[in-house]
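Dear colleague,

Please find below the structure that I am handing over to you. My notes on it follow directly after.

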Amino acid sequence: MRSESAAHSAQCETETPGRCENKSQESRMNRFRTSKFKNTTPKIPKKDDWVSNARGSSLNSLGNQIKSSCSFVAFNTEQTGGGMVGLCSVDPGPDGKWTVMQIPCHADQVTDLDFSPFDDYLLATCSSDETVKLWRLCELGQEQSASAEVSLKSSEGRLELLLFHPTASGLLAVASARGIQVWDTSRDKALAVLEQHADQLQGLTWKEDGSLLASSCKDKNLRIFDPRAQLTAVQSVQGFQTNKDSRVLWVKDDYILATGFNQHRQQEVRLWDSRKLNSSVSSVSLGTSNGTLMPLYDPDSGLLVVSGKGDSVLDCFEVTTSEPFLSQVSHCLSDGSTRGIALVPKHVLNVGCCEVLRVMQLTENFIIPISYQVPRKAGQDFHADLYPDTLGHTPAVTAEEWWQGANKQVDRVSLHPDKRPKGKVQPASAMALPRGKIKEEPSTSSSPLSTPSSSAAPSRSPSSTSGLSSGFLPSPSQSSRAIQSMLGPSSKFRHIQGTVLHRDTHITNLRGMSLTTPGECDGFCANGQRVAVPLAIAGGQIAVLELSQPGKLPDTALPTIQNSVNVADLCWDPFDSHKLVVAGDDAKIRVWMVPEGGLVEMLTEPRCILQGHSEKIYSIKFHPHASGLLVSSSYDTTVRLWDLDTGNEVRKLSGHQDQIFGMAWSPNGKFLATVCKDGKVRLYDPRKSAEPIQASPGPEGHRGGRVVWVCNGQYLLVSGFDCRSERQLYLYSCESLASGAVAIAPTDVSPSTLIPFYDPDTSVVILTGKGDTRVYIFEIMSEAPYFTECSSFHSSEPHKGLCFLTKTECDVRDVEIARAIRLGKTTIEPVAFKVPRVRKEFFQDDVFPETAVWWEPGLTASAWLSGTDAQHRKISLKPKDMTPVSLAPKEAPVRKYLPSSVYLEEKTDEQKKEELLSAMVAKLGNREDPLPQELFEGVDEDEWDD
């Protein structure tokens, strides 16, 4: 990233010395001023909390494809011929799901859309059919009107962009291919038709006070218009040096921000002062992606979010009116490629958790709500410094008043929950539209990204609680949350079990394994068909064993691969189960092809040999998406990328000062992370720079290390040693690598490095070292406490390592989430990691989401090197004859004991007295029965002696 402010200094030279000195002093002070937004963190929810069934349009347009009001999110949707708009709510329903529907709007492609800033239910759309339509929306679930409330016809051809006026009701700016029109929606013709641009118009924006319009054009110029004063531009300046797509925004005060491309074809953000438009005051270069940068700006916080179309990166900057002007706040790696982005209005944000922005990212199949939060103690306190008064919903003027020259600002309202207006969001008064159903001012968001306020919870009267005369009965979910908060976080994988499969699946009698492979090597490698094991035999021989042929190996020699030198590392091509790549001590990489059915004779000739490193190679890794793309690290402290199709070196990365312990590709294949003996963790973007783009202090110990990407690429997990040689796990945020580890989890003391395997479907990491008998299992979370330890797996004897297979090898009927191959002293054994569940007759869809088909390539090496990216398709693991457990009928609970109300039932004093007397009588017996002594017989009177 590069910044420049030479133009700002040049402006200062033309001003008076006193004013220049004051500005310089202010700039120096700003350099040391700490921003309250500098630690703003984007939080991407789990996939279950995304808006599904939202197919973003892939058709080309100049708009952002998605817009939001306080009630709805509208977006261009994928539909043959176009003309459809997707609609969903800002927050999910009571069941945590979003309702998504489509409404037909135009006869041709919808090119842009916008919500009125004064009416949440008023949506404007424009189209290739040369019309602008205004729609009165109804609540989701109700039938939407099939006809527009207002339809405006333009005579300038296809319409590209439209924007509601920020202060006046019923006023629209509409852009065609080369012209801009200002419409009063209550009239049948435009108020103003501005001068035609020399080429394709690309961006359009109103100033915050609504007095001026700015545009960007393919002729490389930025133009500023005052529609009420003249139809021609009042100012113009060259914006970018290329004619590629650009966008423009008014930001703070009189500053204009534009996004485009520089002469090096890098994405660029530039800032101008409209009062001195001759040159920009600052610029920032981002990357070499071809995606058009879409900017979003929040005037209250000064935060700017940009994302390129087709990119999965969202960058956040803070914009100021003095140096450094543009300060990067965060770098967010999303899970989907951007087709459009939109800001949710400030009224919807959850101020309780310090949410300062919420971005809705439109992707191919989802809308991802990304919450930007300032890390502060959440609670009842309202952080007024984060939430200045924001623009309200009441227009300042009508369209007619604005056109006559009135300039008024929209009244501001407080975001404090106790001070928010309780009224309704009224529609624009100047528009002759039916009001329809008006929604009340939204309360604190109930989105998964925020915490509902107490006012949003339904009240419960004492009479509604059976068995209690008064009081409040907490729901089961509240009780479970309270218990969980006391006991700490819990993982559904905490009882995971590792099981060695039946002996019939083992390969035994394996002799002569090499015990001298470097610590950077896993010791062996496996795929779904075969296992490759280095042997301690002269010539660097490698045994290749078929998993489909278990049993005892013969005592005689096996057919092997003759590598000719000792093996430093080896790995299978993930996209070709027959291709084995081996790195040797001679600084060469050999590519071997194993014939169908396995080895039947010794292989002596590799398919090709890669040469370039000057010293012994540490490790090799295949790219996760591009076929034939390999990365290697060496004792010469370089990292090199190879195209196996051509056999050529295509990139060389530098920056390491010592031995490279481990490497890992990011899930999207854009970045490469390394951990080094010099105590650094580095992050590279190999297509853009040979130097690291980020670096951070790594583990303190120098015995070894490994690195793997976790949590959808948001974090790096590094296994290493501390200064006391204790094995530890370190978690780093990829957005702020330099800030160090966000969490550390100690394990034990052992000389071998923990080798991690991460399952992205469950976020479970499984770790073990060479010579260990214990396998550690953790669930990794993107929030504190980050690590949740699960049950460990113990083997009866030390193993050489584990190698994990594809998800399709798992037995989902037995809830098996991972399948590994364990290399023992003389055996190769499959190990299944299972989660104990009760209702195994159902498919456990909470444990088995759709999994990525990472064993199929997404693109070629040459395509990736040219800047193209791809994602793996996903498949369901559900067998056809199984029902998801989420759809299974719920079993009625069986009561084992009498309810407490039986024992706690209130009784009167008379009832208690009666029960006591009855009990006493029952104990004494019936009082009418004769006493025992009365039953004894005496003697007759005549028997007595006188």
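Two strands are said to pair if DSSP finds at least two bridges between them. By that criterion, strand 7 and strand 8 (residues 131–136) form a pair, antiparallel in sense and extending over five bridges. Please bear in mind throughout that this is a predicted model.

The protein as a whole

The protein has 946 residues, 52% of which count as buried. Its secondary structure consists of seven helices and 67 strands. If one takes the contacts between residues at least 6 apart in sequence, 53% of them join residues at least 24 apart. The accessible surface amounts to about 43600 Å², and carbon and sulfur atoms account for 49% of this area.

Strands 6, 7 and 8

Strand 7 comprises residues 119–127 and is mostly covered, since nine of its nine residues are buried under the cut-off of 20% relative accessible area. Strand 7 also pairs with strand 6 (residues 110–116); the two run antiparallel and are joined by six bridges. The connection between strand 6 and strand 7 is a hairpin of two residues. Within this pairing, Asp114 is found opposite Ala124 of strand 7.

On the pairing with strand 8, Leu123 stands opposite Trp135. The hairpin of strand 7 and strand 8 has three residues between the strands, and Glu130 adopts a positive phi near 70° there.

The sheet of strands 19 to 22

A further element is an open sheet of four strands, ordered 19-20-21-22 and paired in the antiparallel sense. Strand 19 (247–250) and strand 22 (282–285) each have a single partner strand and therefore form the edges, so that one side of each has no neighbour in the sheet. From one strand to the next, the twist averages 15°. Strand 19 is joined to strand 20 (residues 255–261) by four bridges, and these two strands run antiparallel. Here Leu249 lies opposite Leu257 of strand 20.

The surroundings of Thr788

Is Thr788 buried or exposed? Its relative accessible area is 9%, and because buried means under 20%, Thr788 is classed as buried. This residue belongs to strand 60 (residues 787–789). Leaving aside residues up to four places away in sequence, Thr788 touches Ser491, Ile777, Phe778, Glu779 and Met781.

With kind regards

Key:
Residues are numbered from 1 along each chain as its sequence is written. This is a predicted model: local features need pLDDT of at least 70, side-chain atom pairs count only at pLDDT 80 or more; totals for chains, interfaces and linings use all residues. Side-chain values use heavy atoms; hydrogens and water are left out. Buried means under 20% relative accessible area, exposed over 50%, partly exposed in between (1.4 Å probe, protein chains only). Contact means heavy atoms within 4.5 Å. Accessible areas come from the Shrake-Rupley method with a 1.4 Å probe; for residues, only the protein chains shown count as cover. Axes are lines fitted to C-alpha atoms, for helices over the stretch in contact, and angles run from 0 to 180 degrees between N-to-C directions.
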